[in-house]
Amino acid sequence: MNQGKQIFEVLIQENADMLLAYLRASVRDKHAVDDIFQETMVVAWRRMPEFDRTRSFGKWLRGIARNLILAHFRKSSSGPLSMDENTLDWMDQKFAKIQSRSGDTLSEKLSMLRECVDALSEENKKTIEARYLEQYSLEEIVKRLGLALQTVKKRLYRAKSKLAECLEAKLLDLEEIS
C-alpha cells in the first residue's frame with residue numbers, strides 16, 4: 001500500500017464520524033446522506049494532492065461535502081430541509097469548534113454528551129430524545145407527550161442549556177487534566 005493511500009485512510013478514519021454527523025445534521029434523507037458521504041470520499045480521494053497539510057482535514061472534507069449538499073438541494077427542491085450556504089457555513093464553524101476541543105475522538109465527545117443527557121430530568125430527557133434522537137417535529141412531540149407547544153419549546157430550551165453547561169464543565173475538566 002502506498003504512503004498516500006495510508007495517509008488518506010488514517011485521515012478518513014479520524015474524520016468519518018464527524019463528517020457523517022455534519023451530513024446527518026444537513027440532510028434528513030438517509031439514502032442521500034449515504035450517497036453524499038460516498039461522493040465526498042471519491043472527490044476527496046481525487047483531490048487529495050490539492051489538500052494543504054497545514055490546514056484541517058476535517059474542515060476541508062466538510063467543504064467538499066458542503067458543495068455536494070448544496071448541489072443535492074438544488075437538484076431536489078423537495079428535500080425535508082432547505083439548506084443554504086450561510087446555514088452550512090454556520091454548521092461548519094460549530095463542527096470545527098467541536099473538533100478543536102479536548103477529547104481525542106468524536107466517540108469520546110459523544111460519550112460525554114450521553115452522560116450529560118443521562119443527567120437530565122426524565123421529562124427533559126424524553127423531550128430531547130424525541131426531538132434529536134427520534135427526530136420528531138415539535139408537533140409530533142406535542143401529540144406524543146400530550147403537552148402544549150410552549151411547554152415543549154421551554155423544555156427543549158432548558159434541556160439544551162443544561163446540556164451545554166454539562167458539556168462545558170466536562171470539557172474544562174479534561175483541559176485541566178491535560
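Begin by selecting Lys 153, which counts as partly exposed because its relative accessibility is 40%. This residue belongs to helix H8. The model on screen is a predicted one, and every stop on this tour should be viewed with that in mind.

From Lys 153, add Leu 138 to the selection. The two residues are separated by 15 positions in sequence, and their C-alpha atoms lie 7.9 Å apart in space.

**Confidence colouring**

Next, colour the model by pLDDT. The protein has a mean of 82, and 84% of its residues reach 70 or more. Among the elements, H2 carries the highest mean pLDDT, 94, whereas H4 carries the lowest, 71.

**The disulfide**

Remain with helix H8 and display the cysteine side chains. How many disulfides does a search of the whole structure find? It finds one. The partners are Cys 116 and Cys 166, with 2.0 Å between their sulfur atoms. The angle about the S-S bond is -80°, and the link of Cys 116 and Cys 166 is left-handed. Cys 116 lies in helix H5 (residues 106–118) and Cys 166 in helix H8 (residues 149–177), so the bond ties together parts that are 50 residues apart in sequence.

The two ends of the bond can be compared by accessibility. Cys 116 is buried, since its relative accessible area is 2%. Cys 166, in turn, counts as partly exposed, at 22% relative accessibility; the cut-off for buried is under 20%.

**Helix H6 and the loop after it**

Now select helix H6 (122–133), helix H7 (138–145) and the loop between them, where Gln 135 is found. What is notable about the phi of Gln 135? Its phi is positive, about 60°, although the residue is not a glycine. Most residues other than glycine have a negative phi. Gln 135 is partly exposed, because its relative accessibility is 41%.

Within H6 itself, the buried residues are Asn 124, Lys 125, Thr 127, Ile 128 and Ala 130. Two further side chains merit display here: Arg 131 lies over the face of Tyr 132, at 5.8 Å from the ring centre.

**The largest nonpolar core**

Move to the N-terminal helices and select the core side chains. In soluble globular proteins, nonpolar side chains tend to be buried together. The largest nonpolar core here has 31 residues, and those touching the most other members are Leu 19, Tyr 22, Leu 23, Phe 57 and Ile 69. At least two residues of this core come from each of helix H1 (3–26), helix H2 (30–47), helix H3 (57–75) and helix H4 (85–100). A separate, second core of 11 residues includes Cys 116, Leu 120, Ile 128 and Ala 159; Cys 116 is thus a residue already visited at the disulfide.

Centre the view on Leu 23. Which residues does Leu 23 contact, leaving aside its neighbours within four places in sequence? They are Val 33, Ile 36, Phe 37, Ala 65 and Ile 69.

Then select Thr 40, placed in helix H2. Thr 40 is buried, because its relative accessible area is 0%. With neighbours within four places in sequence left aside, Thr 40 is in contact with Leu 19, Leu 61, Ile 64, Ala 65 and Leu 68. Ala 65 therefore appears in the contact lists of both Leu 23 and Thr 40.

**The aromatic cluster**

For the last stop, display the aromatic rings. The structure holds four aromatic pairs. One of them joins Phe 51 and Trp 60: the ring centres are 5.1 Å apart and the planes meet at 45°, so this pair is tilted. Phe 57 and Trp 60 form another tilted pair, 5.5 Å centre to centre with 45° between the planes. Because Phe 57 and Trp 60 are three residues apart in helix H3, about one helical turn separates them.

Together, Phe 51, Phe 57 and Trp 60 form one aromatic cluster. Are Phe 51 and Trp 60 buried or exposed? Both are buried. For Trp 60 the relative accessibility is 17%, which falls under the 20% limit for a buried residue. Phe 57 is also buried, with a relative accessible area of 5%.

Note on methods:
Residues numbered from 1 in each chain as written. Predicted model: local features only at pLDDT ≥ 70, side-chain atom pairs only at ≥ 80, totals over all residues. Heavy atoms only, no water. Core = buried A, V, L, I, M, F, W, Y, C linked by side-chain atoms within 4.5 Å. Buried < 20%, exposed > 50% of the residue type's maximum accessible area, 1.4 Å probe, protein only. Helix = DSSP H or I, 4+ residues; strand = E, 2+ residues; numbered from the N terminus. Contact = heavy atoms within 4.5 Å. Disulfide = S-S within 2.5 Å. Phe/Tyr/Trp six-rings, centres within 6.5 Å; stacked < 30°, edge-to-face > 60°. Lys NZ or Arg CZ within 6 Å of the ring centre and 35° of its normal. pLDDT = per-residue confidence, 0-100.
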